[in-house]
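Take a look at the fold below. The text then walks from one pair of strands out to the whole chain.

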Amino acid sequence: MNGEWYELDNAAKIMPSSVIGVDTRVFRLVCELKEEIDPEILQHALDRAMEEYPYMNCCIRKGIFWYYMDQLPGSGLVKEEKVPALKALYIPGKKNLLYRVNYFEKRINFEVFHALADGTGGMIIFADIITNYLAEKYDLDRSQIKSSSASVEERLEDAFSRYYEKHERRKRNYLKEMFPVKAYQLKGVRDENKQERLIEGTVSVRELLDTAHRFGVTVGVFATSVWIEAIIKQMKRSEYRKPIVVSVPVNLRQFFPSETTRNFFGTFLVSYDAHLYDGTLESIFPVVEKAFKEELKPDKIKKTMNSYASLEHNVGLKLVPLIAKYFSVMGIITMMRRGITTSVSNVGRLPLAKTLSPFVEKISVFMANMNIFMCIITYEDKMVFGIVSCFSRHPVEMNFFRRLRELGIAVEIGSNDYDREVE
């Protein structure tokens, strides 16, 4: 071994096996500043940040029963962006870091293999990198910049294991309960180069909030409902027989106190029967709102957390060698994928000190996937919808942004794709 080793947290255990094709299990955080990036200062910022997150400097290796993380010397090297966004970081058998930091013009990109951290954890680390960069570049007084006081041990904690509760009904199949039906699957021509398309829609937080409140719903319910409508509008009537199922990740730190930057999330599903749609958002809001209220109750959240932790605590699976365990894990992944149409993840606000806002233009986040995944992130008055699609055409995205504009919300669209249909 090169140094310390770490167990993968519960949610991360299936990540190496779930890397298939364009679904690299990599998420991407982007910070657009108001001036060109200085790569030397960015390298200093990264090195300083990784002193607080030593477990990030690891590769994944195979053990007898599970994968584990083996520490590598040094931290990552900052480079100008020359590789496709969300390119695989985990390559079986290769001893390489599972994150990358690169830059292009005014943008800093931080990409992470999901086994290391979830979106919230990634945001915390990214905020430290940005803070270090801006503090050095503009000679800022660090005492005036609020930062986390969490220790390395608290950031490294496997919060799933800490809060897991063993249930009396041991044979309960949480995964089957979570994905009970076969969902409608999005279709389209996939990119011939097997590269994903990134689309970024920026709106005013105030405008979107005012619109959501006009309908009497939360931002989460509003965005998810408009997204469901965008999917319905490109469906054939014959496809209505299968429900649209949206997977909504939940930051479990809101319910179980933890300072971990590793994975600590759950998901719940919003299922919608397209036959209920009458051409109005009002026919979607009640179904989505009910799901949000029901699934975010404390008892449901506890069940979600236990379902993720149960994988490690399954005695039968625990004692199976990794090579045989692979087939069980692939079965779980197949069940999950056939039960979901799409995902909508609202990761919230980037935890960046307000004193740094004069230097920051906006923040965005993207997640690799097999179909279409929308992430939402907020900084100051800018909310960014980061959409990743493996299809070459973009009817769902087009419908989504058109609807926002119809509702009076101005949208600025950017993309790494030049398909005119996005506009």
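Which residue of strand 10 does V248 stand opposite? V248 stands opposite F268. This is a predicted model, in which local features need pLDDT of at least 70, side-chain atom pairs count only at pLDDT 80 or more, and totals for chains, interfaces and linings use all residues. Residues are numbered from 1 along each chain as its sequence is written, and side-chain values use heavy atoms, with hydrogens and water left out.

Start with the strands around that pair. Strand 9 and strand 10 run antiparallel and share 8 bridges. Two strands pair if DSSP finds at least two bridges between them. The strands themselves are DSSP runs of E with at least two residues; helices are runs of H or I with at least four, and numbering starts at the N terminus. Strand 10 is largely enclosed by the rest of the structure, because 7 of its 8 residues are buried. Buried means under 20% relative accessible area, exposed means over 50%, and partly exposed lies in between (1.4 Å probe, protein chains only).

Now widen the view to the sheet. It is open, has 7 strands and mixed pairing, and follows the order 10-9-11-13-14-8-15. Strand 10 (265–272) and strand 15 (412–415) are at the edges; each has a single partner strand, so one side of each is left without a neighbour in the sheet. On average, neighbouring strands here are turned by 20 degrees against each other, direction ignored. Axes are lines fitted to C-alpha atoms, for helices over the stretch in contact, and angles run from 0 to 180 degrees between N-to-C directions.

Further along the order, strand 8 (residues 197–204) pairs with strand 14 (residues 382–389) in the antiparallel sense, over 8 bridges. Here G201 stands opposite F385 in strand 14.

Helices cross this sheet. Helix 8 (residues 285–295) lies across strand 9 (244–251) and strand 10, and runs at about 150 degrees to strand 10. Helix 12 (residues 395–406) lies across strand 8, strand 13 (372–379), strand 14 and strand 15. Its angle to strand 14 is about 160 degrees.

Helix 12 also takes part in an aromatic pair. The structure holds 17 such pairs. The rings of Phe, Tyr and Trp (its six-membered ring) pair if their centres lie within 6.5 Å; planes under 30 degrees apart count as stacked, over 60 as edge-to-face and the rest as tilted. W227 and F400 have ring centres 5.4 Å apart and planes at 80 degrees, so they are edge-to-face. W227 belongs to helix 7 (residues 219–232) and F400 to helix 12, so the pair ties together parts that are 173 residues apart in sequence. W227 counts as buried because its relative accessibility is 0%. F400 is also at 0% and therefore buried.

Other rings deserve a look. F160, Y163, F256 and F264 form one aromatic cluster. Elsewhere, the charged end of K137 sits over the ring of Y138, 5.7 Å from its centre. That label requires NZ of Lys or CZ of Arg within 6 Å of the ring centre and within 35 degrees of the ring normal.

Next comes another sheet. It is open, with 3 antiparallel strands in the order 1-4-3. Strand 1 and strand 3 are its edges, each pairing on one side only. Neighbouring strands are turned by 35 degrees on average, direction ignored.

Strand 4 (residues 67–71) has 5 of its 5 residues buried. In a regular strand the side chains alternate between the two faces of the sheet. In strand 4 both faces are covered: Y67, M69 and Q71 on one side, Y68 and D70 on the other. Strand 1 (residues 5–7) pairs with strand 4 over 3 bridges, where E7 is partnered by Y68. Strand 3 (residues 58–62) joins strand 4 through 5 bridges, and C59 has D70 as its bridge partner.

Finally, the whole chain. It has 12 helices and 15 strands. Of its 423 residues, 57% count as buried. Among contacts (heavy atoms within 4.5 Å) between residues at least 6 apart in sequence, 76% join residues at least 24 apart. The chain exposes about 19300 Å², and carbon and sulfur atoms supply 52% of it. Accessible areas come from the Shrake-Rupley method with a 1.4 Å probe; for residues, only the protein chains shown count as cover.
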